[in-house]
Every structure is written in structure tokens, then in C-alpha cells.
Amino acid sequence: MIQRAFILLFVILWSANLNAQFSHDARIEDDLGLHQVCDGQVIPVLKIRNVGTEIMSGCVVETWKNGVQVGSFDWQLAVPAAQGEVRQPSFPAVSDLAPGDVLQMRIISVNNVPDQDASGNFRDITLADDAPVAATHTVEVTLTSSAINIVDWVLRNAVGAVVAQDLALELGPGTDHVVWLELVPSTCYSVEVDAVDGGQFVGGSLLVRSGGNGVLAIGASDVASGVRKGFETGVVAHMAEGMGEDVRMRWNEDQGRLMIRPSGSMAGDVQVRDASGRVVFNTTARTGPAEVDIPLEMLTPGVYIATYTTGAGASSSLRFVKASR
């Protein structure tokens, strides 16, 4: 009888321990920062949930690099977090980094009380190669797929704020999804693609272009492994003339015409989009060594992006402004 009583007491205490709630406990649920060195630094961005019973108004988080502490940040929440609520803080930038370095973020305390449960207190961030630099700060994001895929894609700035996104976007053969973005010059951005409902993004890709040239690509293997890639924007909105290696383009404002000059004779598709990304003009043009002009007087005043693409792979993009007269 006494033995049974001890066993029952042990079970009760063990069960109570499993269901115990800590008063001061925070957990790192995700990181949203760029996993590459950009502009010489990395800014850690975390999603932190308060799982303690006390309202969280402050949280000390340490930054470690390759096993050595390089910083400690006393994060004071602008809006305190009740139990179960999530906040997304960005932390001081870390510099003097190289590909392969490992940053580790460590939660130390909540409201000046040592965190009471180590679960979720550590987050490792392994750095990939340095982020590429785009030629301009106007970029083209193109998603394409050879099979039916449903994906979320998101572009964030260096502190994790969403700049552009499409959620539950359905992709299929024969139709590209293209978005033109005018971003902030000399600024770091990250791009991520997630397959909805456990999909694999089979036959899919996301490509970021600047000035007609590729900046970064995200494929099926990147999506499967959760890769987040980034880039830094250039300092100009566009280059004065065409930005592909084989095609030059310019805007003749006086005549309201788009001027195209490829390096040799070739046929190409001309497409013009407005600031919202909507196609407002398209045609096929055969060009030779001499410059060819495409009349666009019918366009209303505004900002446009023109692209010229040939079957041989030559490509160029140009941002231009049609002024009011």
C-alpha cells in the first residue's frame, strides 16, 4: 500500500512538472534576416514568442560569432508581449564576417529575470557567400514553372520588413509571373520562396534581374532546403542605354519613341509594362545594325519598363519616364 502511494505521488508530481508554466520564458521561433554578408555586415532579425505567464517588456539577447560573444542587446519592447504573442526585433549589425561563419543568437533573460526554460533559446545562422550587387535599384522578379505549383514568395529589407510578396500564387507551364520593383538604392534585401501545403516547387524557379542581367536565382532545391538569398541594390534606377550585352536601348522623349540597337540582325519581342507591372504594349521587331525605333506616343504620362528579348538569349531592360506635354 505504501509503495503504491509513493508511485501515485511520483506520477502526480511528474505530470505537474510536464504541465508547468514558467513566468519568464521566451523562445526564438524563426530568423528572418539575410544569411549573407551585405554592405559588409549582417543584421540578425528574429521572431521571438513570449511563452511565460508574465508580460514580456524586455529581453536580453546575446550575439556570438564562431563560439565567441560579440554583442549583448537589451531589447526593450515598444509594445509588451503577453503570453503567446510574437514580436520581430532586429538586432545590432555584426561586421567582420566571412562565408562559413556561424552567428548564434542566445536569449539570456526576460524582464531582467534569467530565462527559465532553455528550449528555443538558441538560433544558429550559417553565412553563405556575400550577397551580389545589382546594377540598378529597379529589379524584375520572375517566377516560372514547368508544373503546377502553389507558392508564397516574399522580399524583405535588411530589418525583416516585407517590401513585396505574393501569397498562394499558382504557377503553371507557359505563364510567367513578373513583378517590377523600384527599391531603395544601396540597400540589402532578401528573397524567399515557400511551397504551399508541403509542395516541392518541382520545375519552378524565381529569378531576380537588374538591367537585363540575372542577380540571383532560387530553384526547387533551394526551396526544399529553406534557402534564403539576398542582394544589394545599385545606385541608379536604370542605365542610360540598354543593359544587355548584345542589345542597347534608349528612350527618345522628344519623339516618344523607344530606340533599340542590337549587336547584329535579330528578331526580338518588345514588351512595355507600367509602374504596376501591367503589360501595356508588346510587339515583335526585327532589328539590324542600325537603330530601330518603336513608336509609343499612345502611352499616357508615367513610369514604364521596356524589355527586349530575342530567341538567341539576348536581353535588355530600360526604365523610362513619359513626360506630360
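This is a short walk through a predicted model, from its cores to its disulfide, a small sheet and a few single residues.

Start with the nonpolar packing. The largest nonpolar core holds 24 residues. Within this core, W153, L155, L206, V208 and F231 touch the most other members. Several strands feed the core. Those that give two or more residues are β11 (138-145), β12, β13 (162-171), β14 (177-182), β15 (188-195), β16 (204-210) and β17 (213-219). A second core lies apart from this one. That core has 21 residues, including V42, V61, M105 and L127.

V208 repays a closer look. Leaving out residues up to four places away in sequence, V208 touches V139, E140, V141, V191, N213, G214, V215, L216 and F231. F231 is thus a contact of V208, and both are on the list of residues that touch the most other core members. N213, another contact of V208, leads on to a distant part of the chain. The C-alpha atoms of N213 and S317 are 8.8 Å apart, although 104 residues separate the two along the chain. S317 sits in strand β25, which covers residues 315-322. Its relative accessible area is 5%, so S317 counts as buried.

Next, strand β12. This strand runs over residues 149-157 and includes R156. Is R156 buried or exposed? R156 is buried, because its relative accessibility is 13% and the cut-off for buried is under 20%. Setting aside neighbours within four places in sequence, R156 contacts L32, A161, V162, V163, C188, Y189, S190 and E192.

One of those contacts, C188, leads to the disulfide. The model has one disulfide. It joins C38 to C188, with an S to S distance of 2.1 Å. A disulfide is a covalent bond between the sulfur atoms of two cysteines. Which hand does the bond between C38 and C188 have? The torsion about the S-S bond is about -95 degrees, so the disulfide is left-handed. C38 lies in the loop between β1 (26-31) and β2 (41-42), whereas C188 is in strand β15. The pair therefore ties together parts that are 150 residues apart in sequence. Both C38 and C188 are buried. Another cysteine, C59, is also buried, with a relative accessible area of 0%.

Strand β1 also belongs to a sheet. Three strands make up this open sheet, in the order β1-β3-β6, with antiparallel pairing. Why is one side of β1 and of β6 left without a neighbour in the sheet? β1 and β6 (86-87) stand at the edges, and each has a single partner strand, so one side of each has no neighbour there. β3 covers residues 46-50 and pairs with β6 over two bridges. I48 has R87 of β6 as its bridge partner.

Finally, two loops deserve a check of backbone angles. Most residues other than glycine have a negative phi. N66 has a positive phi, near 50 degrees. N66 is in the loop between β4 (56-65) and β5 (68-81). Its relative accessible area is 44%, so N66 is partly exposed. N111 also has a positive phi, near 55 degrees. The loop of N111 runs between β8 (102-110) and β9 (113-114). N111 is partly exposed too, because its relative accessible area is 22%.

Conventions: Residues are numbered from 1 along each chain as its sequence is written. This is a predicted model: local features need pLDDT of at least 70, side-chain atom pairs count only at pLDDT 80 or more; totals for chains, interfaces and linings use all residues. Side-chain values use heavy atoms; hydrogens and water are left out. Helices (H or I, at least four residues) and strands (E, at least two) are DSSP runs, numbered from the N terminus. Buried means under 20% relative accessible area, exposed over 50%, partly exposed in between (1.4 Å probe, protein chains only). Contact means heavy atoms within 4.5 Å. A nonpolar core is a set of buried Ala, Val, Leu, Ile, Met, Phe, Trp, Tyr and Cys residues joined through side-chain atoms within 4.5 Å. A disulfide is a pair of cysteine sulfur atoms within 2.5 Å. Two strands pair if DSSP finds at least two bridges between them.
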